Amino acid sequence: MSNPWKGAGELALVVDPVSADAAAELERGIALLRDVAAGVRPPTLRLYRPSPTVAFGQRDARLPGFDGASAASADQGFVPLVRRAGGRAAAYHRGCLVVDHIEPAHDAVAGTRARFAAFGDFFAGVLADVGLDAQVGEVPGEYCPGEFSVHGRQDGVPALKLVGTAQRVVAGAWLFSSVIVVEDSAPLRAVLTDVYAALGLPWRPATAGAAEDLVAGVTVGDVEDSLLAAYTAAVRLDAHAPAPAASRPS
């Protein structure tokens with residue numbers, strides 16, 4: 001069985017329950033990455049619906065407006081955190097689906113760009129299967145801009161950023177993390193507007209949206225079903241994987 005990202009043929013499937021601890025949700029992905037790198041956990045696919053969070057990039061944390069941006073995030077009920085992957089500030093909440101794909105690799109850095117391209121196409125296909133006109137590429141003025149963002153088109157024109165992706169690489173493994181925005185885009189747009197203003201970063205709020213803004217009635221459950229169907233066509237999923245090993249310090 002082959003797959004577009006040229007990875008393992010079988011993944012342990014982990015679907016996390018709803019949590020109220022945004023920091024623990026983010027850290028769990030890093031803990032799983034360490035376990036896969038150490039060989040105590042198999043290649044893993046983790047899905048969860050996140051707590052309201054603004055995940056800042058490392059560069060954001062060095063800007064003079066970071067404290068104000070963090071306060072603006074908290075004021076709107078989004079926990080401000082600094083993620084260990086690259087990129088700029090991104091917001092997500094329960095109307096989103098986070099996908100953490102983790103695999104061991106002898107040289108995890110070597111395939112970084114190829115993974116961005118492969119997963120971009122993969123997630124565009126997942127959204128197309130629930131009725132969206134989804135393509136890969138940056139929407140001009142989007143938040144957390146990236147060459148391999150997945151956007152939804154309206155009347156053939158790139159309109160809304162729908163999937164943001166980032167990678168974390170350690171010796172022996174890689175983590176490809178994706179946030180799919182499906183429902184309730186208004187609070188995301190509002191918090192990002194305040195956060196980017198505080199950081200002094202230009203962007204166009206109209207580029208922030210959700211899948212349901214383009215196809216009415218689409219739910220996170222619909223997208224999760226489509227995602228799992230796409231994965232099942234590409235790899236074997238083991239939903240009875242062992243519990244994760246206790247996380248170790250960095």
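1. Is Trp-5 buried or exposed? In this predicted model, Trp-5 has a relative accessibility of 6%, and because residues under 20% count as buried, Trp-5 is assigned to the buried class. The points below begin with the confidence of the model, then return to this tryptophan and its aromatic partners, and after that turn to the open and enclosed spaces and to three individual residues.

2. On confidence, the average pLDDT of the chain is 94, and 95% of the residues score at least 70. The stretch 241-250 should be read with this in mind, since its pLDDT is below 50, although in the model it has 19 contacts beyond near neighbours in sequence.

3. The model holds 13 aromatic pairs. In one of them, the ring centres of Trp-5 and Phe-119 lie 4.8 Å apart with their planes at 10°, and the pair is therefore classed as stacked. This pair joins distant parts of the chain, for Trp-5 belongs to the segment before strand 1 (10-15) while Phe-119 belongs to helix 4, with their positions 114 residues apart in sequence. Phe-119 has a relative accessible area of 0%, so Phe-119 is buried.

4. Which kind of pair do the rings of Phe-119 and Trp-174 form? Their centres are 6.2 Å apart and their planes stand at 65°, so this pair is edge-to-face. Here too distant parts of the chain are linked, with Phe-119 in helix 4 and Trp-174 in strand 10, 55 residues apart. Both Phe-119 and Trp-174 are buried. The two pairs belong to one aromatic cluster, whose members include Trp-5, Phe-119 and Trp-174 together with Phe-116, Phe-122, Phe-123, Phe-148, Phe-176 and Tyr-231.

5. The second largest pocket, with a volume of about 150 Å³, brings back two members of that cluster, because Trp-5 and Trp-174 are both among its lining residues. Others in this lining include Pro-4, Lys-6 and Gly-7, as well as Glu-103, Pro-104 and Ala-105. Strand 6 and helix 4 (112-128) each supply at least two residues, and helix 4 gives the most, with 3 residues. By class, the lining has 7 nonpolar, 2 polar and 3 charged residues.

6. The largest pocket has a volume of about 720 Å³, and its lining is made up of 39 residues, of which Arg-83, Ala-85, Gly-86, Thr-165 and Ala-166 lie nearest the centre. Several elements of secondary structure each supply at least two residues to this lining, namely helix 1 (22-38), strand 2 (44-48), strand 5 (90-92), strand 6 (96-104), strand 9 (157-170) and strand 10 (173-181). Sorted by class, the lining comprises 20 nonpolar, 10 polar and 9 charged residues.

7. As for enclosed space, how many cavities of 30 Å³ or more does the structure hold? There is 1 such cavity, and about 40 Å³ of space lies in the largest cavity. Its lining consists of Ala-91, Tyr-143, Val-181, Leu-188, Leu-192, Ala-208 and Gly-209, which divide into 6 nonpolar residues and 1 polar residue, with no charged residue.

8. Ser-178 is located in strand 10, and with a relative accessibility of 1% it is counted as buried. Setting aside neighbours within four places in sequence, Ser-178 is in contact with Leu-97, Val-98 and Val-99, with Phe-123, and with Val-163, Gly-164 and Thr-165. Of these partners, Phe-123 also appears in the aromatic cluster, while Thr-165 is one of the residues nearest the centre of the largest pocket.

9. Glu-224 sits in helix 7 (residues 220-234) and is a charged residue that is nevertheless buried, its relative accessible area being 15%. When residues up to four places away in sequence are not counted, Glu-224 touches Val-15, Leu-47, Arg-49 and Leu-97; Leu-97 is also a contact of Ser-178. From Glu-224 to Phe-56 the C-alpha distance is 25 Å, and these two residues are 168 residues apart in sequence.

10. Arg-153, in strand 8 (residues 150-154), is partly exposed, with a relative accessible area of 29%. Apart from neighbours within four places in sequence, its contacts are Asp-133, Gln-135, Pro-158, Ala-159 and Leu-214. The last of these lies 61 residues away along the chain, yet the C-alpha atoms of Arg-153 and Leu-214 are separated by 8.1 Å.

Notes:
Residues are numbered from 1 along each chain as its sequence is written. This is a predicted model: local features need pLDDT of at least 70, side-chain atom pairs count only at pLDDT 80 or more; totals for chains, interfaces and linings use all residues. Side-chain values use heavy atoms; hydrogens and water are left out. pLDDT is the predictor's confidence in each residue, from 0 to 100. Contact means heavy atoms within 4.5 Å. On a 1 Å grid over the protein atoms alone, a cavity is a set of points where a 1.4 Å probe fits but cannot get out, and a pocket is an open set with protein on both sides within 12 Å along at least five of seven lines; lining residues have an atom within 4 Å of a point. Grid points are joined across faces, edges and corners, and a volume is the space filled by probe spheres set on the points. Helices (H or I, at least four residues) and strands (E, at least two) are DSSP runs, numbered from the N terminus. Rings of Phe, Tyr and Trp (its six-membered ring) pair if their centres lie within 6.5 Å; planes under 30 degrees apart count as stacked, over 60 as edge-to-face and the rest as tilted. Buried means under 20% relative accessible area, exposed over 50%, partly exposed in between (1.4 Å probe, protein chains only).
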